Amino acid sequence: MDDIRIYNRALSATEVQKMYTLTDKAQAGDCTDANGAVHPLAAEVCDGIDNDCDGVTDEGMTSTYYEDSDGDGYGNASAPTSTCSLPVGYVTTTGDCLDTDARVNPTTVWYSDDDADGFSDGVVQTACTDPGATWYQSYQLI
Ligand SMILES: [Ca+2]
Ligand SMILES: [Ca+2]
Ligand SMILES: [Ca+2]
Ligand SMILES: [Ca+2]
């Protein structure tokens, strides 16, 4: 509630100035006076605006997502983005060592074929990175 003061005389310029100064102080925490929904008591919402005037935009509301160019469900750890919701073409899981080939990801099974005759000797391992020259994916074998 506003104070109501009744003066029985005209106020001096200094007194009037003082009143405005007090009013300004009360609003000093407001970072955007032009937007009534943005002030220190407002709740932060994910909108690209610092709603609560704490100097940080959308704090605690964003997550990190990773680009998945080949659509195999595994993202590129070196292509992250931080947003409020999952963008198209991004995933939450990293681990794709080759984001241009959907056949290569952490679930890729490699078959050993030491003599390179197209028939594996039955030894397999699961890895994203190609284990070496004598290891092949199933489509590379006969
Ligand atoms: Ca904020
Ligand atoms: Ca915000
Ligand atoms: Ca991928
Ligand atoms: Ca891949």
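In which loop is Ala-116 found? Ala-116 is found in the loop between β4 (109-112) and β5 (124-126), where helices (H or I, at least four residues) and strands (E, at least two) are DSSP runs, numbered from the N terminus. The model is predicted, and for that reason local features need pLDDT of at least 70 and side-chain atom pairs count only at pLDDT 80 or more, while totals for chains, interfaces and linings use all residues. Residues are numbered from 1 along each chain as its sequence is written, and chains are lettered from A and ligands numbered from 1 in the order in which they are written.

The two strands that flank this loop belong to an open sheet of 3 strands, arranged in the order β5-β4-β6 with antiparallel pairing; two strands are taken to pair if DSSP finds at least two bridges between them. The edge strands are β5 and β6 (135-136), each of which pairs on one side only. Between β4 and β5, which run antiparallel, there are 3 bridges: Trp-110 has Gln-125 in β5 as its bridge partner, and Val-109 stands opposite Thr-126 of that strand. Towards β6, β4 is joined by 2 bridges, again in an antiparallel arrangement, and here Tyr-111 stands opposite Tyr-136.

Within the loop between β4 and β5, the backbone of Ala-116 deserves a separate look. Most residues other than glycine have a negative phi. Ala-116, however, has a positive phi of about 55 degrees although it is not a glycine. Ala-116 counts as exposed because it has 10 C-beta neighbours inside 10 Å; a residue is exposed if 12 or fewer other C-beta atoms lie within 10 Å of its own, buried if 20 or more do, and partly exposed in between, with C-beta atoms placed from the backbone.

A positive phi is also found at Cys-53, where the value is near 60 degrees in a residue other than glycine. Cys-53 lies in the loop between α1 (13-26) and β1 (63-67), and Cys-53 is partly exposed, because 16 other C-beta atoms lie within 10 Å.

The strand that follows this loop, β1, takes part in pairings of its own. It is joined to β2 (residues 76-83) by 5 bridges, and β1 and β2 run antiparallel; in this pairing the bridge partner of Tyr-65 is Thr-81 in β2. A further 2 bridges join β1 to β3 (residues 90-91), also antiparallel, and there Tyr-66 has Val-91 in β3 as its bridge partner.
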